[in-house]
Structure formats: structure tokens, C-alpha cells
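Subject: Structure handover and notes

Dear colleague,

I am passing on the structure we spoke of, and below it you will find my notes on what came out of the analysis. Please read them with the structure open beside you.

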Amino acid sequence: MQSSATGWGNGLLGVIIFSGSLPATRVAVGGFSALFLTSVRAVIAALIGLAVLGLLRQARPQRKDLVSLAIVAIGVVVGFPLLTALALQHITSAHSIVFIGLLPLSTAIFGVLRGGERPQPMFWLFAVLGSATVAGFALSNDGTASLTGDLLMVAAIVLCGLGYAEGAALSRRLGGWQVISWALLLSLPLMVPVAIWSWPSTWSGIDVPAWIGLAYVSVFSMFVGFIFWYRGLAIGGIARVGQLQQLQPFFGLALAGLLLHEPVAWSMIVATALVVACVFFARRFA
């Protein structure tokens, strides 16, 4: 029972940390370009990962793991951060969080595709219903909608689901935080030149909230959150603790409203609840 409680506690901390990612990104893009924010957060997190890997003397991954690590890097190190940063230049973080409700479903679908599983027909029914809910919300124009922002968020969810599914499979052998650390290091030769190329011409106009947002997504969203999340999955069980991810949209909406004072319309809450319900039932039939 104590082990189960520890797993749930760590998993919940991970979800709470990830819930602040989009609001923090929204603040950070007010002072930094999306390209610089994406690259520099990866560089900072990679340096932290390098230090931890060296301190704990972790063995290097095998050559056969490089393709999987590259997929993880494309999904969660480059793709999701960059696309969400670009999307948040067009939409509010509260609007974008509705799309996060599809992330567990996207992960499950790629788990099916990559793992060769055969889910029941009801899985696809709820998958279509969840996608239709998000599409309907995006087309309803709640006052904060943008076709460009919505399409970027959909692409971000697809890539992140791919990265999560690939990382989950690889973490069975390498360990969760080790996977994100090696993926970050693999992306470092690309991210460093991009960070230098997109370096701000001046720092004078960047306010304190933007710096705080950058620090949060670099340290917590990109590294610390994965430590708690994967530890929770390992201790409490992937199937059980993984359900906590469905709470992330609600935590995110609360943070967007409380910290950024963004309007959280009833349509956002209803759409998020419907998406989470579809994800819950889809995962049961996967």
C-alpha cells in the first residue's frame, strides 16, 4: 500500500509539473522567439541531464537504441516544444490546453501502431469521438481561436504522442529519466547552433515573467517532471498511475486562469471533460 501511495504521489507531482508547461511557454514567448525558446530550453535541460548521467555513472545506450532516442527527441525535445510555442503566439494557453486532452489518446494510438496491438472496435469509436470533440471546439470559435494555432497544436499532440510511446517502450530497458537525458544529449549538436543563430539581438526588452517561464520549461517541463512521472509509473504501475495524465488539462486550465488571468470559458471546460471521458473509455478498450 505504501509503494502504491508513493507511485501515485510521484505521478501526481509529474502531472502537476507538466500542467504548467503551456502557461509558462505562453509567458516565455512574450520575450523570446519560439525558435530560441525551443532550442535554449533543450540545451539547458541537456546540460542538467549530462551532469546527472555523469554523476550517477549511467551506461551509454546501445547503437540499436539511437533510432528510438531520435524519435523521442523529435517528439518531445523539438517537435512539441517548438509547435506549442508557435501555437501560443496565436492562441491563449487556456485554449491550447483543450488539445492536451488528446495527448493520452495520441500516445495510445502510437502504442498500438508501434507495438502491433489490436484494440477492440470500441477503442476507435471513442478515438473518433474525442477527435471530433476537439475539432468541434476548434471550429466553434470561442473568441480565442485561430486556425493556425489549432493546426499547430494538433501537430504538436501527434508528435508528442509518438515521442511518449517510443520513450515508454525504451524506458523498460534504459529507465525513464535516462531516456529523456539521452534524447536531450542526442539533440544537443542541433540545438546549440540553433540557439546561437536565434540569439536575441537585445536583452533589454525581456521582462522577468519571460525569464521565469524560460526557467520553468527548461528545468521542470523538460527534465524534473520526467523524473517524478516515470518514477510514479515504475512504482505504482503504468496502467494505473498513467490515468493521472487525464487530470492535466484541468490543472492547466486552473493555472491559466489563476496565474495568467486568461478567460476560461465554460465551452473549454465542457470540451475538456468530453475529451477526457473519450480518452478514458478508449484506453479501457485498447
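How many helices and how many strands are there in the protein? There are 13 helices and 0 strands, and the order of elements from the N terminus on is accordingly written as α-α-α-α-α-α-α-α-α-α-α-α-α. Please bear in mind throughout that this is a predicted model.

Some overall figures come before the details. The protein has 286 residues, of which 52% count as buried. Among the contacts with a separation of 6 or more, 90% are accounted for by residues 24 or more positions apart.

Two helix pairs are described here, beginning with helix 4 (residues 66-87) and helix 8 (residues 147-174), whose axes are 8 Å apart and which pack at an angle of about 155°. Because angles over 145 degrees count as roughly antiparallel, helix 4 is roughly antiparallel to helix 8. Their crossing is left-handed, and the residues that make up the contact of helix 4 with helix 8 divide into 19 nonpolar, 7 polar and 1 charged.

The other pair consists of helix 2 (residues 21-28) and helix 5 (residues 93-100), which pack at an angle of about 145° with their axes 9 Å apart. The crossing of helix 2 and helix 5 is right-handed. On the side of helix 2 the contact is made by Leu22, Pro23 and Arg26, and on the side of helix 5 by Ser93, Ser96, Ile97 and Ile100. Sorted by class, the contact of helix 2 with helix 5 has 4 nonpolar, 2 polar and 1 charged residues.

You may want to look next at the charged side chains. Side chains of opposite charge can pair when their charged atoms come close. A search of the whole structure finds 1 salt bridge, and the partners are Asp65 and Arg173, with 2.3 Å between the closest N and O atoms. This pair links distant parts of the chain, given that Asp65 lies in the loop between helix 3 and helix 4 while Arg173 belongs to helix 8, 108 residues apart. Are the two partners buried or exposed to some degree? Asp65 has a relative accessibility of 2% and therefore counts as buried, whereas Arg173, at 48% relative accessibility, counts as partly exposed.

The loop between helix 3 (34-55) and helix 4 also holds Arg57, a residue whose backbone deserves a look. The phi angle of Arg57 is near 55°, which is a positive value in a residue other than glycine. With a relative accessible area of 76%, Arg57 is exposed.

Finally, I would point you to Ser218, which is found in helix 10 (residues 208-236). Its relative accessibility is 0%, so Ser218 counts as buried. Which residues does Ser218 touch, once those up to four places away in sequence are not counted? They are Arg41, Ile44, Ala45 and Phe223. In addition, the C-alpha atoms of Ser218 and Val40 are separated by 7.8 Å, although these two residues are 178 residues apart along the chain.

With best regards

Methods
Residues numbered from 1 in each chain as written. Predicted model: local features only at pLDDT ≥ 70, side-chain atom pairs only at ≥ 80, totals over all residues. Heavy atoms only, no water. Axes fitted to C-alpha atoms, helices over the stretch in contact; angles between N-to-C directions. Helix = DSSP H or I, 4+ residues; strand = E, 2+ residues; numbered from the N terminus. Left-handed = near helix turned anticlockwise from the far one by under 90°. Contact = heavy atoms within 4.5 Å. Nonpolar A, V, L, I, M, F, W, Y, C, P; charged D, E, K, R; others polar. Parallel < 35°, antiparallel > 145°, perpendicular 65-115°, else oblique. Buried < 20%, exposed > 50% of the residue type's maximum accessible area, 1.4 Å probe, protein only. Salt bridge = Lys/Arg side-chain N within 4 Å of Asp/Glu carboxyl O.
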